[in-house]
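Here's a quick walk through the fold, written to be read with the structure open beside you. Pull up the viewer and follow along.

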Amino acid sequence: MKPPIRYTILPARPEGHLYRVTCTVEEPDPSGQQFALPAWVPGSYMIRDFARHVVSIGAQSRNRVVALEKLDKHTWRAQAGTGPLTVTCEVYAWDLSVRGSHLDTGHGFFNGACVFLRVLGQEGAPCELEILRPRGARYRSWRVATSMRRKGAGPFGFGGYVASDYDELIDHPVEMGEFTLASFRASGVPHDIVITGRHRADLATLRRDLKRLCEKHIRFFGKPAPMKRFVFLVTAVGEGYGGLEHRASTALLCSRDDLPREGETEVTERYRTFLGLVSHEYFHAWNVKRIKPAAFAPYDLDRENYTALLWAFEGITSYYDDLALIRCGLIGKKEYLEVLARNITAYLRTPGRAKQNLAESSFDAWIKYYRQDENSPNAIVSYYAKGSLVALCLDLLIRDKTRGRKSLDDVMRALWRRHGLTGVGVEEDGIERLAEQATGLKLKRYFDDWLRSTRELPLKALLGTHGVEMRLRLAESAQDKGGRPARSKNAAGLAMLGIRARAQDDGTAVTHVLEGGGAQEAGIAAGDLIVAVDGLRPGQAGLEAALAKRRPGERVGIHAFRRDELMSFEARLRPADADTCVLSESAGARARLLQRWLRPDSPRTWSRRKIRG
Ligand SMILES: [Zn+2]
């Protein structure tokens, strides 16, 4: 076996956002060792070219400088020679996202993909990492949080860590600073919640609720849990949302108001959002970190890794993230149906669902979903949104056709046994084949329709099989996300005009012009700044209120600036689409089916259910 690759990382100049990272190879390729930084970070399907943040790089061997030649945007080759060889680089870190790296005088966070050079040809060698404390009195109380195995470092300490190969090294993000720590055990496995950023979260509530949620997921796939320890690395900011999954941890970015406050007895809408994010990333520890597409086994970190299966890894995960909240009793049936109705609403408001099918959406994630622009709603469909609804349809279809004997749960457990426990990647047709095997049903025509065509999903009919009535109504305003009955009969004005927009001090900026709407027909474009309707500047309530008084079929004069040129348009308001979904329980007769779907292992009936305890 090759000797370990040794890495060190020092937050060398927190005020300049610079890490100093070294990589030492005992036995470099004698013809000239090559090193590379990844072009992307697994879980976030976009080329990010982390090498662009390398500010300086140099190599040494036995105190002598070794020349480095740059071969392409992210690969370097050292001059031929024998080891040991050490490459030192300074990496700029000012991206406060779950996919990047960040460093200031308050804290440090990094994904290994941003900072650790890959030693080409020795990716399988074990890695040793020394995380060094920044110099200076102000950093004396900093601690380190990561799921990486310790070797020398104390608990939450600076010092030595190890990974069995490069893939593992970059799958344990690291947080350092003065964070809040809360710990609990789920099915016997230690879990830590690490919160960075100002917050007033009630830790007891977080511990209790996350324990319940994690145990639900562990029981779903079957004990024992696949990880020996799990760490939630939470960064709380004013406004933010995001997560990235890893094998034994997850990095989460949330609004501090999404965290529960002391004395709150209910799961608020904002806290529900946070719990949904936690649930999503935790489910990924099985679905995508261990059950993974063959295209990712192993990851090719130099370029795009194409698969049409993201609908399953992101969509099915998105389906189970909310479903687990009701299944473990953190939310009730009414709340769950509201969340589901909002997901359906978001999907129905995407005209692009008629253009791009789900398999294409997955395959082109690298250039479309992750690189959205003003035309995206017209051109693409989200593999999260539609993927989760396909998972819903699949689950209800299987339940209906097998009279409740089988469900998508069985398919997921079959995937876990065949691919998760074995580490064998899922082939492009693997999920469809396994779904048929696990349920005994012929499903090809459904997969053809739902994955490879743009035909509408039979949501209403399938929800109906489980006693859920689906109704569609007009949106009442741009803020109306659906899930609740209408309060008025007025349609939203922006919808009738066919735009999405953002109010500014000097007017209303058009962000999107929807396909086939009145605005598009009139020639209004994304980026236009609307300043007047029928010659009048909209009042304080804005453009939306000005249009809300109008009726479909009316013509309105619109003045807008395109760049610095004033333009005038005449647009005909169209009837808004009934694209806002409301779900309600319809039926006593199907109550048992509904119960088995939403609370499969709850012996109690709905009326005696306690939502939280
Ligand atoms: Zn995800």
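## The nonpolar cores

In this predicted model, the largest nonpolar core takes in 166 residues. Phe232 and Trp597 are the ones with the most contacts inside that core. Helix α5 gives the most to this core, chipping in 11 residues. There's also a second, separate core of 20 residues, with Ile499, Leu543, Leu547 and Ile558 among its members. As background, nonpolar side chains in soluble globular proteins tend to be buried together.

What does Phe232 touch, leaving aside its neighbours within four places in sequence? Its contacts include the aromatic residues Phe184 and Tyr282, along with Ile193, Val194, Leu210, Leu252 and Val278. Phe232 is also in contact with His191, Asp192, Cys214 and Thr250.

## The zinc site

Which residues coordinate the zinc ion? They are His280 and His284, each through NE2, plus Glu314 through OE, at 2.0 to 2.1 Å. Along the sequence, these donor residues follow the spacing H-x3-H-x29-E.

His284 sits in helix α4 (residues 269-284) and Glu314 in helix α5 (residues 310-327), so this pair ties together parts that are 30 residues apart in sequence. Are these two residues buried or exposed? Both His284 and Glu314 are buried. Helix α5 therefore turns up twice in this tour: it holds Glu314, and it gives the most residues to the largest core.

## The four-stranded sheet

Now for the strands. One open sheet has four of them, in the order β6-β7-β3-β11, and the pairing is antiparallel. At the edges you'll find β6 (68-72) and β11 (118-119), each of which pairs on one side only.

β6 runs antiparallel to strand β7 (residues 75-78), and four bridges join the two. If you'd like a spot to zoom in on, try Asp72, whose bridge partner in β7 is Thr75.

## Strand β4 and its partners

Strand β4 (residues 54-61) pairs with β8 (residues 85-92) through six bridges, and the two run antiparallel. Val54 stands opposite Val91 of β8.

β4 also pairs with strand β5 (residues 64-66), again in the antiparallel sense, over three bridges. Here Ala59 has Val66 in β5 as its bridge partner. How many residues lie between β4 and β5 in their hairpin? There are two, and Arg62 in the turn has a positive phi of about 45 degrees.

Definitions and conventions:
Residues are numbered from 1 along each chain as its sequence is written. This is a predicted model: local features need pLDDT of at least 70, side-chain atom pairs count only at pLDDT 80 or more; totals for chains, interfaces and linings use all residues. Side-chain values use heavy atoms; hydrogens and water are left out. Donors are N, O and S atoms within 2.8 Å of the metal (3.2 Å for Na, K and Ca); water is not among the atoms, so sites may look incomplete. Buried means under 20% relative accessible area, exposed over 50%, partly exposed in between (1.4 Å probe, protein chains only). A nonpolar core is a set of buried Ala, Val, Leu, Ile, Met, Phe, Trp, Tyr and Cys residues joined through side-chain atoms within 4.5 Å. Contact means heavy atoms within 4.5 Å. Two strands pair if DSSP finds at least two bridges between them.
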